[in-house]
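Trainee: Got a minute to go through a structure with me? I'd like to ask a few things and hear how you reason.

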Amino acid sequence: MANIFERNRAELEDLCKRRFFFRQGSEIYGGVSGFYTYGPPGCALKTNIINLWRRHFIIEERLMEIEDTNIMPHPVLKASGHVDRFSDFLVRDVSDDKKFYRADKLLEDVMEDKLKEKGLAAEKVKEYTLVRNQADAYSQEEISEIFRKYDIRAPESGNKLTEPEPFNLMFPTPIGPSGLIPGYLRPETAQGIFLNYKFCLEQNQNRLPFGVAQVGKSFRNEIAPRQGLTRQREFTQAEIEWFVKPTAKQLKKFEAVSSEQMMLFSSDLQLAGKSAETITIGEAVKSGMVNNETLGYFMARTGLFLTSIGVKPEHLRFRQHLPTEMAHYACDCWDAEIETCYGWLECVGIADRSCFDLNAHAKAAKVDLAFREKLDQPIEMEVLRLKKDAGVAMMKAFKKSGRVVKEWVEKLPQEELKALIDEATKDGKAVRTVEVADDQTEECTFLPEHLVCETKKEKQSTVQFTPGVVEPSFGIDRILFSVLEHSFYVRPKDESDEEKQQKNVLRFSPNIAPYKMTILPQDQRVQRTDKYAELMQLMQSGAALCGHTCTVDDSSATLGKRYARNDEVGIPFACTVDFTSLEDSTVTLRERDSTEQIRLPAAEVAALLDQLCLRRTTWKDAQARYPARSAGYP
């Protein structure tokens, strides 16, 4: 059954294009899939969402913000794994290799269609649901087998498809006149934060935990961009990296959000073919469903942010990554998904990424990114240290690489050194791969005589470790699209309404509305007076000083039509200047959703507007303060 968002899709798409919230980029040249231009109301809406995000996270969580480059050199993205592993599987029409599809999305669509078949047995519903849920978690071999099992074909032609092949999603871009420095448009904003972790730690007086945020453009060469803003090749991300001691993920602030009710779709529920359940985040962390308090805290804060900008709580859930789709280095990962006309849409990823990224860049760049925690009281520890004779034997055995191999062994963490010794003692040898030079490794066979150690007691005044990272990553464009859908509705027709036309409304929260108020002269006679110009200037200037944008609709259309077309853009308040205004400097202020009106002095409009937009007062409070005015228009 189509959801309400599907039923409204055509009207909303028409509204967004007609009122220029967004249109396809380079449209007058025919456009290119995956690129979009935001028009004046769309740009303002997006800016307001980002500003609210900054206030909700950067200011309230006391994060540091950086701005890194959009182009990154090859070694950075090689170390992060993007060069080798940042791929989706692509399939082609065997009769037309210019027709290609992203395999996992095609599989999801096929399973959705199968689930709509009438008279499905319960076991089939469970089977199709499970395949759909795991679509982007299958390996190349697994997705190939699934395509054969269900005989999945090209949607347009019905032809057979080629075997799935990996397609790297990054945009390469040569750097410099010679083009000899390989680079890429960044596929995410997160890597810029990891590259600058060391310097941000210094700015935080070398204390953990702390967070760093970045808002900016990311670029991914999507195989088959579609569904408007939901899958673009150029998009805006807002990401946070919260650096924390791996063994200390408790958070004092978690108590403040622990009672938040959240719709959670755990991996166990998904694999069982069941629906999401609503529980408190405190219960989820306590039961172990959510790995730790820091992760749970950011999940709760993400939910509060999304609902504060207009996402409907009943259409918001947090889906846990399945074991097969979880990155090997991640402790836990949840996606905030919002229900839209395209189904449940991933808009935020919240992952405990462990210490993978910092370790990868430390190794590749040969830079020490470890954190050293000073102990209150030094402790005496027993440690294994390589004996001199063993070091000499090792250097002789590995010849030119001997010194490098010996230093590698000496720097091994105690657990890894013990494991190496135990293996060599048990099996008579132990093999390890050692980096002996830049991008050059050597397979080294260690004998027991190479690893003879002695136990020494050493005082330790510091503990060294690589910080773990909890990463909330927000797709701003998808969030904006979801807010548009959740805000849109059609106002029921009023038989007394002279216009007799469908009236579309965008019910934006005042804190993100692209324009906060529109000023309407009652008619052309009012508009031509000096007093009107004076009142308009008074209200516009006052609103601007408070940081709020206002529009003026002084066309010759009826007042009812002007109300309707400003409701359609989501303007929460309309201020009408009439003939009474010219006498006593009072104006009528109309609230969009209730269509109710109050009368107040023009000099007080800006201050009231500011309080309403910042949610420091409510419309009901304003109605109690100022006399009501008969609406007259819906």
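What follows is a short run of questions and answers on this model.

Mentor: Ground rules up front: this is a predicted model, where local features need pLDDT of at least 70, side-chain atom pairs count only at pLDDT 80 or more, and totals for chains, interfaces and linings use all residues. Residues are numbered from 1 along each chain as its sequence is written, and side-chain values use heavy atoms, with hydrogens and water left out.

Trainee: How many residues are in the largest nonpolar core, and which touch the most other members?

Mentor: A nonpolar core is a set of buried Ala, Val, Leu, Ile, Met, Phe, Trp, Tyr and Cys residues joined through side-chain atoms within 4.5 Å. Buried means under 20% relative accessible area, exposed over 50%, partly exposed in between (1.4 Å probe, protein chains only). The largest one here holds 68 residues, and those touching the most other members are Phe21, Trp53, Met299 and Leu484.

Trainee: Leaving aside neighbours within four places in sequence, what is Leu484 in contact with?

Mentor: Contact means heavy atoms within 4.5 Å. With those sequence neighbours set aside, the partners of Leu484 are Leu12, Cys16, Phe21, Phe22, Leu45, Leu506 and Phe508.
There's also a second, separate core of 25 residues, including Tyr532 and Val577.

Trainee: In what order do the strands of the open sheet run, and which stand at the edges?

Mentor: Strands (E, at least two residues) and helices (H or I, at least four) are DSSP runs, numbered from the N terminus, and two strands pair if DSSP finds at least two bridges between them. Three strands make up this antiparallel open sheet, in the order β6-β5-β7. Each edge strand has a single partner, so one side of it lacks a neighbour in the sheet; the edges are β6 (96-102) and β7 (165-168).

Trainee: Over how many bridges do β5 and β6 pair?

Mentor: Asp93 stands opposite Asp96 in β6. The pairing of β5 (residues 87-93) with β6 is antiparallel, and the bridge count is four.

Trainee: At what angle does helix α6 run to β6?

Mentor: Axes are lines fitted to C-alpha atoms, for helices over the stretch in contact, and angles run from 0 to 180 degrees between N-to-C directions. Helix α6 (residues 103-115) lies across β5 and β6, and its angle to β6 is about 70 degrees.

Trainee: How far apart in sequence are the parts that Glu61 and Lys253 tie together?

Mentor: A salt bridge is a side-chain nitrogen of Lys or Arg within 4 Å of a carboxyl oxygen of Asp or Glu, and Glu61 and Lys253 meet in one at 2.4 Å, N to O. Glu61 sits in the loop between α3 (40-59) and β3 (64-65), and Lys253 in the loop between β10 (234-244) and α11 (254-257), so the parts they tie together are separated in sequence by 192 residues.

Trainee: Is Glu61 buried or exposed?

Mentor: Its partner Lys253 is partly exposed, with a relative accessible area of 34%. Glu61 has 5% relative accessibility, so it counts as buried.

Trainee: Which residues join Arg319 and Glu337 in one network?

Mentor: Arg319 and Glu337 meet in a salt bridge of 3.1 Å, N to O. Arg319 is in strand β13 (residues 316-320) and Glu337 in strand β14 (residues 332-340). Salt bridges with shared partners link this pair into one network with Arg317, Glu325 and Asp335.
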